[in-house]
Structures are given as C-alpha cells and as structure tokens.
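The following exercises concern a predicted model. Work through each task before reading its solution.

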Amino acid sequence: MDAIVKNFPQVTDFERPSQQEAEDAIRVLLRWAGDDPRREGLLDTPARVAKAYRELFGGYELNPEDVLGRTFEEVSGYDDIVLERDIPFYSHCEHHMVPIIGKAHVAYLPSGRVLGLSKIARVVDIFARRLQTQEAMTAQIANAIDESLRPRGVAVMIDAEHMCMSMRGIKKQGSSTLTMTFTGAFKADPAEQARFMSLVRGR
Ligand SMILES: Nc1nc2c(ncn2[C@@H]2O[C@H](COP(=O)(O)OP(=O)(O)OP(=O)(O)O)[C@@H](O)[C@H]2O)c(=O)[nH]1
Ligand SMILES: [Zn+2]
C-alpha cells in the first residue's frame with residue numbers, strides 16, 4: 001500500500017450518502033436501540049447526530065500535507081529534539097465506533113526546517129477524526145511528518161483508553177494502551193528512543 005493511500009483514505013472513491021439517507025440510518029439505529037424516533041425528544045436527533053458526525057469524522061475532509069507544508073528555516077541552527085507532549089485527542093475505534101480518548105506525544109529531530117508547533121496537534125486531530133485503530137493512527141502521524149518534513153527522525157507515542165474496552169465487552173475501566181512508532185534516528189539509535197521516553201515521562 002503506498003503512502004498516499006495509507007495516510008489519506010480516498011473518501012471520494014465511494015459515494016457519500018445524502019443527508020436524508022444519513023438521518024434515516026440514524027432513525028434505524030434509534031429503533032435498534034429500542035427507542036421510538038417519532039417521540040418529541042428524538043425528532044431532531046437524526047439531524048444532530050449527522051451534524052456531529054461531520055465534526056467527529058471531519059478528518060476525512062482534511063489532508064495532513066496541507067498542514068505540514070508550512071515550515072520555518074530561521075531557527076539559528078537549532079537541530080535538537082522538538083517534542084510536543086500531552087496532545088489530547090478524541091478518536092473512534094473502527095471496530096465498535098465508540099471513543100478512544102488519549103494523549104499523543106510527538107517528537108522530531110529537525111533537519112534544517114521546523115514545523116509550526118500548532119501543526120503537530122493539527123495533524124494529530126486530522127488522523128484522530130477518522131475511524132481508527134491506535135496502531136494505525138500512531139503510524140499515520142509518524143509517516144505524515146516523516147514524508148512531508150523529511151526530518152532526521154520522528155517519534156510518536158500514544159497513550160489512550162478505549163471505550164470499547166471500558167464501557168462494554170471486557171469492561172476494564174482505566175486500562176490504557178501504549179503504542180509507538182519511531183523513524184530515522186529514533187529508530188536506529190536506542191539512546192534517542194530512551195531520551196524521547198524520558199522526556200515524555202519526565203515532569
Ligand atoms: N489492536 C487493536 N485492537 C483494538 C483497537 N480498538 C479496539 N480493538 C479491539 O478490536 C477487537 C475486536 O474484536 P472482535 O472479537 O472482532 O469484536 P468483539 O466481539 O466486539 O470483541 P470484544 O471487545 O472482546 O467483545 C477487540 O479485541 C477490541 O479490544 C485498537 O485500536 N487496536
Ligand atoms: Zn473498539
């Protein structure tokens with residue numbers, strides 16, 4: 001699978017349903033849950049849910065390359081680690097479509113160019129606002145930064161709780177999942193990995 005497909009599912013490859021179709025589907029789910037979509041409190045719910053979905057899954061509309069294209073070179077030769085830690089995010093697991101709530105820690109070793117700090121969090125949001133597995137999201141953030149900025153290395157760690165593990169199924173509240181992806185110098189050099197870990201953990 002090439003990088004473009006991996007990073008940017010082709011939403012245009014399939015037909016997006018109409019607003020009416022989306023609202024009808026939500027009415028079916030309301031009935032599936034055991035309620036009556038015709039009762040007053042639920043009359044506007046399909047429209048609200050459709051609107052909320054456009055926001056919660058707005059990442060399909062956005063291309064990380066647009067965000068990562070803006071870089072700066074005037075950093076007086078700074079070439080050490082840049083770490084944005086504790087970036088909060090909400091995503092949804094692609095298996096159950098319930099929330100994944102967590103924090104992302106993203107670092108890179110610049111090679112001449114640096115990113116605007118907010119852009120790292122924007123990239124996290126673009127991928128979080130899609131249906132995800134935590135592993136895929138971790139790799140997608142790392143690959144997007146690696147491919148567009150071409151830094152000496154990228155490190156991404158995600159620490160998240162999956163509501164499909166706590167609200168339902170095995171019902172293990174409070175357990176969290178850690179995933180990480182390293183590229184370049186972070187992948188090649190265990191000392192760089194250890195430095196990233198201690199910076200993420202250190203307070
Ligand atoms: N690797 C991985 N698994 C995930 C993620 N989010 C949810 N899952 C798991 O996806 C699996 C889906 O398993 P299935 O047996 O197909 O579905 P299920 O019957 O609903 O499974 P249970 O959750 O065990 O009740 C579950 O084990 C979930 O915990 C994720 O981000 N990464
Ligand atoms: Zn799940």
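**Exercise 1.** Determine what span is expected for the twelve residues of helix H5 (residues 117-128), and compare it with the distance between the end C-alpha atoms.

*Solution.* The expected span is 1.5 Å times one less than the number of residues. For the twelve residues of helix H5, this rule gives 16 Å. The end C-alpha atoms of H5 lie 18 Å apart, which agrees with the expectation.

**Exercise 2.** Identify the buried residues of H5.

*Solution.* A residue counts as buried under 20% relative accessible area. In H5, Ile120, Val123, Val124, Ile126, Phe127 and Ala128 are buried.

**Exercise 3.** Which protein atoms are donors of the zinc ion (ligand 2), and what spacing do the donors follow along the chain?

*Solution.* The protein donors are SG of Cys93, ND1 of His96 and SG of Cys164, at 2.0 to 2.3 Å from the zinc ion. Their spacing along the chain is C-x2-H-x67-C. Cys93 belongs to strand E2 (residues 82-93) and Cys164 to helix H7 (residues 163-166), so this pair, 71 residues apart, links distant parts of the chain.

**Exercise 4.** Are Cys93 and Cys164 buried or exposed?

*Solution.* The cut-off for buried is under 20% relative accessible area. Cys93 has 4% and is therefore buried. Cys164, at 12%, also counts as buried.

How values were computed: Residues are numbered from 1 along each chain as its sequence is written. Chains are lettered from A and ligands numbered from 1 in the order in which they are written. This is a predicted model: local features need pLDDT of at least 70, side-chain atom pairs count only at pLDDT 80 or more; totals for chains, interfaces and linings use all residues. Side-chain values use heavy atoms; hydrogens and water are left out. Helices (H or I, at least four residues) and strands (E, at least two) are DSSP runs, numbered from the N terminus. Buried means under 20% relative accessible area, exposed over 50%, partly exposed in between (1.4 Å probe, protein chains only). Donors are N, O and S atoms within 2.8 Å of the metal (3.2 Å for Na, K and Ca); water is not among the atoms, so sites may look incomplete.
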